[in-house]
Amino acid sequence: MSDSPDEGDGDTVVVTKTRPKTQKPPMYKVLLLNDDYTPMEFVVVVLEKFFGINHSQAVEIMLTVHKKGMAVVGVFSHEIAETKVAQVMDFSRRHQHPLQCTMEKED
């Protein structure tokens, strides 16, 4: 037998690199909560302004918030959801409305 590297014993070694599976970042639901003071028209304006929802859909979502106590208005990455919540809360406070907007991790 020869020890030279040119002559092998017939076995081939294959080296494979395993890539870790990249997980999708968690998504977050942005929710509007009902209260007894914020005018319905204001909620419609918020939905149109901050979520790009057309008028008829905004009215539907506002009615869901009114009847069920809350509604999911969108699902976003953490940073976008956080920004939307802050924008809605700030806009509501500046217009002296107690409208609440929150986010929660999607299941």
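**Briefing: sheet, aromatic cluster and surface patch**

T102 is found in strand β3. The model described here is predicted. Strand β3 belongs to an open sheet of three strands, arranged in the order β2-β1-β3 with antiparallel pairing. Elsewhere, F42, F50 and F91 form one aromatic cluster, and M27, V72 and V75 make a nonpolar surface patch of about 200 Å².

**Sheet architecture**

- The three-stranded sheet is open, and its order β2-β1-β3 places β1 between β2 and β3.
- Strands β2 and β3 (100–105) stand at the edges with a single partner strand each, so one side of each is left without a neighbour in the sheet.
- From one strand to the next, the twist averages 30°.
- Strands of a sheet pair through backbone hydrogen bonds, in either a parallel or an antiparallel arrangement.

**Pairing of β1 with β2**

- Strand β1 (residues 27–33) and β2 run antiparallel and are joined by seven bridges.
- L31 has V72 as its bridge partner in β2.
- V30 stands opposite G74, which also lies in β2.

**Pairing of β1 with β3**

- Six bridges connect β1 and β3, again in the antiparallel sense.
- Y28 has K105 as its bridge partner in β3.

**Exposure in the sheet**

- Five of the seven residues of β1 are buried, so this strand is largely enclosed by the rest of the structure.
- T102, in strand β3, has a relative accessible area of 29% and is therefore partly exposed, since that class lies between the 20% limit for buried and the 50% limit for exposed.
- T102 also lies 6.0 Å from V85, C-alpha to C-alpha, although the two are 17 residues apart in sequence.
- V75 is located in strand β2 (residues 70–77).
- With a relative accessible area of 34%, V75 is partly exposed.

**Nonpolar surface patch**

- The patch of about 200 Å² is made by M27, V72 and V75.
- One of its members, V72, is the β2 bridge partner of L31, and another, V75, is likewise placed in strand β2.

**Aromatic pairs and cluster**

- A search of the whole structure finds three aromatic pairs.
- One of them is formed by F42 and F91, whose rings are stacked at 5.4 Å centre to centre with 10° between the planes.
- This stacked pair links distant parts of the chain, as F42 lies in helix α1 (residues 40–51) and F91 in helix α3 (residues 78–94), 49 residues apart.
- Both F42 and F91 are buried.
- F50 and F91 form an edge-to-face pair, because their planes stand at 70°, above the 60-degree cut-off, with the ring centres 5.2 Å apart.
- The edge-to-face pair also links distant parts of the chain, with F50 in helix α1 and F91 in helix α3, 41 residues apart.
- F50 counts as buried at 12% relative accessibility, and F91 counts as buried at 10%.
- F91 takes part in the stacked pair with F42 and in the edge-to-face pair with F50, and F42, F50 and F91 form one aromatic cluster.

Key. Residues are numbered from 1 along each chain as its sequence is written. This is a predicted model: local features need pLDDT of at least 70, side-chain atom pairs count only at pLDDT 80 or more; totals for chains, interfaces and linings use all residues. Side-chain values use heavy atoms; hydrogens and water are left out. Rings of Phe, Tyr and Trp (its six-membered ring) pair if their centres lie within 6.5 Å; planes under 30 degrees apart count as stacked, over 60 as edge-to-face and the rest as tilted. Helices (H or I, at least four residues) and strands (E, at least two) are DSSP runs, numbered from the N terminus. Buried means under 20% relative accessible area, exposed over 50%, partly exposed in between (1.4 Å probe, protein chains only). Patches are made of residues with over 30% relative accessible area and no salt bridge: like charges are joined within 9 Å, nonpolar side chains (Val, Leu, Ile, Met, Phe, Trp, Tyr) within 5 Å. Accessible areas come from the Shrake-Rupley method with a 1.4 Å probe; for residues, only the protein chains shown count as cover. A salt bridge is a side-chain nitrogen of Lys or Arg within 4 Å of a carboxyl oxygen of Asp or Glu. Two strands pair if DSSP finds at least two bridges between them. Axes are lines fitted to C-alpha atoms, for helices over the stretch in contact, and angles run from 0 to 180 degrees between N-to-C directions.
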